[in-house]
Each structure stands twice: as structure tokens, then as C-alpha cells.
Amino acid sequence: MNAQYVRKRIGIYKELAMVIVISITIAVFASLGVFIVCSHYGVMVDVIEDTSDYKKRYDIQVMNMVRELDSSLDTAMEEITANSGEDEKTIGDAMKYLLGNNRMPFASDEVSNMIITITNRNGQVLWKTSEDGEIVDYKKNKVSVDISQYITNSYDEESLTYTFVYTKSVSKMLYYIIFETEVTPEYLYADIKLKLMCIAISSVIFIISVFLLTKKRIDYIRYLSTVVDEISKGNLNASIDKKGNDEITLIAEQIDDMQYSLRKMMQEERENDRKNMELITNLSHDIKTPMTIITGYLDVVISGKYSTDEERDDYIRRAFGQVEKINVMIHKIFRLARNEQVSMNEENMEKCNISLLLKQDILEFDGIAQKEGKCFETDIPNESVMININIDRIREVFDNVLMNSIKYSSDNSTINVYMSETPESVHIKFCNRTDSDKAPDCERIFDKFYRADHARNSSISGNGLGLSIVKETIESFNGRVWAEYNDGIFAINIELKKNDM
């Protein structure tokens, strides 16, 4: 995983929670702002004038005043009658008496805004409050009012004037006390439409905010879906941009890792297919020659075209030699197929004189070299060079390197073998002159089934397995092997450690 994504992730749930909180906050503040502005300018607000509360309060006030008036008038009538001895005093006289003696119950400040009128049953005004406090003799001036109209007004709920008519009977005389005042209405604001509109606006803003705040992640998910679709179609080189720091980004990383793994597996599969094709091609080329020779020898034997029994036996031995070559080739292939990594078996390790072993191997190949018009020159210590090693496997290494040196060296050339030692290791070097430039092959010459172009196009048999076995065997001994090319001289170097087994 890339270093830039190692830090703690936010988490998709926390990210969504943040988006929801931010969206709700934006929606609430936006709808609140719309509500305040519309309320201020009266948009979508219905104003209703309500006087019910005022009239209820006036009803209570008037009833208290009526009770006080009844008590005060009765007292005043008794006092006037007792002082004057006259029985024909009216309620108007009683009212004047109360006002003259500053005993009027309506004289308080709380009823100063109310007009009070007292009439007889015919509507003639007997007394009425005055704004300037002057007492007017309405009986003498004969002022009358329409009592029925006042009574009608008292039942009008929509009127902005409060009217209350109270009937008072004194000494079998019927009087009307009329209370009037202006009513200040209350303005009721019916804003249910505005509230519903604000709720609708907040819902729309919330949805839009959530969409805008999550758009990038949604687009990124769609982008990942497109990339996965491309990968499913076989495009393993599609690049993935990693954005964000949550589980979606983790999915993008995993898709990228999956794509890399698939691409690597397919490359390895193609490489294996290529090597298998090379193996088939090489085997077809290498087996064809010995099989042709074997067929020719056996045809001579079967058809009786030989002169002597010794000649017949010679043909059979030659055919058997070609069979042995094919058998060795197949043995190497099966060995590589079973063991991709050549393992060391410590039970087969034994101490041996490596210098003597190398000299013996060179002597065995001397006849083959002379037949090809080549020879060996060695610089190997005469004294013993002891090392713990698997003799069979190190001999196989020497056989492969010596055979390659004979095959690919120039005609009539010399093959040089050098050995030197240090307290820690033994260094062996095989050198031969070659007619081709092997510098490009030095890195790949130890790969399985690899053969240089000049070797493939020549009549020299080979399957590209010998040096790969050499490399794996030497590395299993904790040693190392490498190739060099300089001015027409190709060299294989082997370094074996003495003590580190």
C-alpha cells in the first residue's frame, strides 16, 4: 500500500454523517432567513384583526363597575331622600350627587377612556361623562339617544366600538346605563402557508446540498466502476486515480493491486508459454538429428548392409550412443520439471580434492575436443584443494561447462581452464575464443531454455538447459556463477565457498 494512504482513514460513515449535518445546517439557516424576510414584508402572511380579548376584558371591567354603581346609586338615593325629604329624585340626581361629592365609582383612571351614558326608558339622556369634566344638565337640554341602536351594537362582534347596555330599575322607574369605548384590535398573523413554504424550501436545499457534497464521491464510484469494467474486458494497463481517504479509496487501492497481480500473472504465463514454445522448438531441432542417425544405423543393421560383425556392432554402439544423448536430454528436462529450485542434500556432501576432480573431467573431454580440432590448456594447482561438496552434482556442472566450451569455441582454438583459491573460496574459470559477439548474452545465458541466435541458427545441438542447471546447482552450494565476454574471449566463472555449506 502506498505511503500516502497509510494514515488513518476518515471512514465513509463519518463522511456521510458530516455531509448530512452540513446539509441540515445549510437548509435550516436558509429557511430561517426566508421566514424572517417574508414575515417582515408580509409575504404569504394573512393578518387578522381580533377584538375578542379586549371585549372580554371590558365585560369583566363593566360588570365590576355596574356592581359598584348599583351600590353607590342606592346609597346616594337614600342620602338624597333623607336630606331633602323628597321622594321624586331620579337616578340622574343621584349621579349628580355622587359626582358632586366625588364619590362616583367611574372616576378612576382605568375607566377614563370609557363613555358612560344614563338614560330613561325613552332614551332621554339624564347624565353622560364629559371629557373636560363639566357637568351638563341633559334633562334640561332634552337630549335623547336611540336605545335600540345601542342594544344592537352591543351584539356586533365585528364592531371596533365596545358597547354594553345595562338596565337599572329604581323606584319602579327603568333606566339604561350605556358603556362605550373604542376597541384596539389585536393583529393575528396566520403564517401557516409561509411555514409550509419554508419546510419545502429547507427540504429542497437539504437534498441539493447532499447531492452537491456527495457528487465527487458518487462520480468517483462511477469512475471505479468504469475502470473495473475495463479490467474485466482485459485492459490491465488502465490507471486508477486514488482520491479521498476512506473505504472507497481503499477499494481503489485493492483494485489497483488486483490489476497489478493479474498483469504480473499474465506476463508470467506468457513468459512460460514462450519458454515452452522455445523448449518444443529446441527439442524438435535437437532430437531430429540423433533420431535420423539412429534410423540410419538401424536401417543398415536390419538390411544387412554391413561387411563384418565388427562393423555391425560398431553401428549398434553408435546408435546406442545417440540414444544415450536423448536419454540425458530427457533426464535433464524431467529434473528441472520436478525441482524448480535445486536443493542440497547434506547426506551426499563429502570432502574431495576439487582440483583433481576437475583435471579428471578435462581428461575425459580431451578426446572429444581433439576430434573437434580443439585442445585444453589448464592452470590448476597440483596440490590438493579440499572442499565439502556433492561430487556427482559438481561433476555435472563441469561436464556442462566443458561441453559448452567445446561446442561454441572457434575452430582450431584452445580452451583454457584456470583454478585459484583463497582461504575462503575456490575460483574456477573456463575461457574459450568465439567467433560471435556474446556480450548481449552474458545476462541471459543462465536462463532456462535460452539459446543465443547464433547458436540456434547453427548446426550445434542444444536445448538451453545446461547452463541453467549449472547456475541452480552452484547457487545451491551458496556459490555464484557469472559470464564475461571481452575481445572475442568468452568466460564462465564459478566461485565455491570452502566452509559455508
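How many salt bridges does the count come to in this structure? The model is a predicted one, and the count comes to 8 salt bridges. Several of them are described below, after a look at one helix and one pair of strands.

Helix α1 covers residues 12-41. At 1.5 Å a residue, its 30 residues should span 44 Å, and the C-alpha atoms at its ends are 44 Å apart, so the expected and computed values agree. Within α1, the buried residues are Ile12, Val19, Ser23, Ala27, Ser31 and Cys38. Some general geometry is useful when reading such a list: an α-helix has 3.6 residues a turn, so residues three or four places apart point the same way. After α1 comes Gly42, which has a positive phi near 70 degrees.

Further along the chain, strand β2 (residues 115-120) and strand β3 (residues 125-128) run antiparallel and are joined by 3 bridges. Thr117 stands opposite Lys128 of β3. Together β2 and β3 form a hairpin, with 4 residues between the two strands. In the turn of this hairpin, Gly123 has a positive phi of about 95 degrees.

The salt bridges may now be considered. Side chains of opposite charge can pair when their charged atoms come close. One such pair is Asp219 with Arg222, whose closest N and O atoms are 3.9 Å apart. A salt bridge requires the nitrogen to lie within 4 Å of the carboxyl oxygen, so the pair at 3.9 Å is counted. Both residues belong to helix α6 (residues 192-232), and because they are 3 residues apart there, about one helical turn separates them. Asp219 is partly exposed, with a relative accessible area of 30%, while Arg222 is exposed at 56%.

Other salt bridges connect residues that lie further along the chain from one another. Where in the chain are Lys498 and Glu421? Lys498 forms a salt bridge with Glu421, with 2.5 Å between the closest N and O atoms. Lys498 lies in the segment after β13 (489-497) and Glu421 in strand β10 (residues 414-421), so this pair ties together parts that are 77 residues apart in sequence. Lys498 is buried, with a relative accessible area of 16%, whereas Glu421 is partly exposed at 36%.

The side chains of Lys429 and Glu484 also meet in a salt bridge, at 3.7 Å from N to O. This pair links distant parts of the chain, since Lys429 is in strand β11 (residues 425-433) and Glu484 in strand β12 (residues 480-486), 55 residues apart. Each partner counts as partly exposed: Lys429 has 25% relative accessibility, and Glu484 has 33%. Salt bridges can also share partners, and in this way Lys215, Asp219 and Arg222 are joined into one network.

Finally, two loop residues deserve attention for their backbone angles. Asn412 is not a glycine, yet its phi is positive, at about 55 degrees. It is placed in the loop between α10 (391-408) and β10. Is Asn412 buried or exposed? Asn412 is exposed, with a relative accessible area of 67%. Asp487, also a residue other than glycine, has a positive phi near 55 degrees. The place of Asp487 is in the loop between β12 and β13, and Asp487 is exposed, with a relative accessible area of 68%.

How values were computed
Residues are numbered from 1 along each chain as its sequence is written. This is a predicted model: local features need pLDDT of at least 70, side-chain atom pairs count only at pLDDT 80 or more; totals for chains, interfaces and linings use all residues. Side-chain values use heavy atoms; hydrogens and water are left out. The expected span of a helix is 1.5 Å times one less than its number of residues. Buried means under 20% relative accessible area, exposed over 50%, partly exposed in between (1.4 Å probe, protein chains only). Two strands pair if DSSP finds at least two bridges between them.
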